[in-house]
Every structure is written in structure tokens, then in C-alpha cells.
Amino acid sequence: FKQYFQDDIYVDTPSRQPTQTAQEWAAGGDADPILISLKPDGMIPLSEKPEDAPKVSSAAMIRAEISAQEAEEAKKDQVFDRMQQLAIQRAQHHPNNSMGARAGVDCERVDSDSDGGWSDDD
């Protein structure tokens with residue numbers, strides 16, 4: 001409260017400046033007093049103070065952080081499971097056992113019972 005002027009306690013106060021002359025008052029005149037504010041220049045009235053953000057307990061902040069971490073871990077697990085499923089699917093349906101050989105680029109698969117025309121006798 002130190003940075004705000006408490007305008008609910010220090011309301012506008014009558015000034016020392018007269019609102020009518022003695023002759024006007026003697027003639028039955030009745031004028032409202034001139035009011036001045038006691039608020040120092042540059043201070044914000046308490047009635048114009050912006051709303052404070054609701055305070056959150058540290059336990060609630062910790063719970064929210066744990067919940068966010070669990071949600072992030074669950075998302076990572078889902079992504080990993082999907083990647084694993086795609087890898088399994090590729091392995092099941094890929095024509096090459098080496099998982100990535102391309103025709104004309106990588107080595108061709110050699111059958112184990114073929115000697116490729118070589119002989120130990122030569």
C-alpha cells in the first residue's frame with residue numbers, strides 16, 4: 001500500500017479559499033465549499049489500483065509443474081511408440097534384409113550356397 005494514495009481514508013477536504021463573500025453570506029447565500037485533494041502529485045489512488053494476480057500456493061505450482069512434466073513424458077512416449085511401429089512396419093515389408101540397401105547403389109545380396117564361379121581347385 002505504500003505506493004498508492006489511500007483516497008478512501010483521505011477524502012477531498014475543504015480548502016481555505018472562500019466560496020462566497022461576507023455580503024453574499026449575510027444575504028443568505030449558501031455555497032458548497034471548494035474541495036481539494038490531499039493526494040501528492042504522482043501517486044496513484046488506491047481506488048485506481050489494478051487488480052492483483054491471484055496468489056497460487058507453492059504446492060499448487062509444484063503440482064502443475066509435475067503435471068506438465070508427466071504430459072510431456074506421455075507425449076514423448078507416444079512419439080517413440082509411433083516411430084517404433086513405423087520401424088517394425090518397414091522391417092516387415094522391406095524387400096532387403098539389410099533395411100536400407102537400394103538397387104544399383106548398395107551391395108547386392110549374396111546367397112550363401114552360391115560360390116560365384118570360384119573354385120578352390122584353381
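**Order of elements**

I began with the order of the secondary structure, and from the N terminus I read the elements of the chain as β-β-α-β-β-α. In this predicted model I therefore had two helices and four strands to place the later entries against.

**Whole-chain values**

I looked up how much of the chain is covered, and of its 122 residues 7% count as buried. For the accessible surface I noted a total of about 11500 Å², with 53% of that area belonging to carbon and sulfur atoms. I then turned to contacts between residues at least 6 apart in sequence, and found that 49% of these join residues at least 24 apart.

**Nonpolar patch**

Which residues make the nonpolar surface patch of about 390 Å²? I listed Ile 9, Tyr 10, Ile 36 and Leu 38 as its members. I followed one of them, Ile 9, back to the chain and placed it in the loop between strand S1, residues 4–5, and strand S2, residues 13–14. Ile 9 has 51% relative accessibility, and because exposed means over 50%, I entered Ile 9 as exposed, though I wrote the percentage beside the label.

**Ser 15**

My next entry concerns Ser 15, which I located in the loop between S2 and helix H1, the latter covering residues 22–26. Is Ser 15 buried or exposed? Its relative accessible area is 19%, and since the cut-off for buried is under 20%, I recorded Ser 15 as buried. Leaving aside neighbours within four places in sequence, I found Ser 15 in contact with Ile 34 and Ile 36, and Ile 36 had already appeared in my notes as a member of the nonpolar patch. I also checked the polar surroundings of the Ser 15 side chain, where one of its polar atoms lies 3.3 Å from the backbone nitrogen of Gln 17.

**Met 43**

I placed Met 43 in the loop that runs between strand S3, residues 35–36, and strand S4, residues 44–45. With 25% relative accessibility, Met 43 went into my notes as partly exposed. How far apart are Met 43 and Gln 3 in sequence and in space? I noted 40 residues along the sequence and 7.0 Å in space, taken from C-alpha to C-alpha.

**Salt bridge**

I searched the structure for salt bridges and it holds one. The side chains that meet in the salt bridge are those of Glu 72 and Lys 76, with 3.7 Å from N to O. Where do Glu 72 and Lys 76 lie? I found both in helix H2, which spans residues 58–93, and they are four residues apart, about one turn of the helix. For the accessibility of the pair I wrote down a relative accessible area of 47% for Glu 72 and of 45% for Lys 76, so that I entered Glu 72 as partly exposed and Lys 76 as partly exposed too.

Methods. Residues numbered from 1 in each chain as written. Predicted model: local features only at pLDDT ≥ 70, side-chain atom pairs only at ≥ 80, totals over all residues. Heavy atoms only, no water. Buried < 20%, exposed > 50% of the residue type's maximum accessible area, 1.4 Å probe, protein only. Contact = heavy atoms within 4.5 Å. Areas by Shrake-Rupley, 256 points an atom, 1.4 Å probe, with all protein chains shown as cover. Patch = residues over 30% accessible without salt bridge, like charges linked within 9 Å, V, L, I, M, F, W, Y side chains within 5 Å. Salt bridge = Lys/Arg side-chain N within 4 Å of Asp/Glu carboxyl O. Polar contact = N/O pair within 3.5 Å; in protein donor to acceptor, adjacent residues only side chain to side chain.
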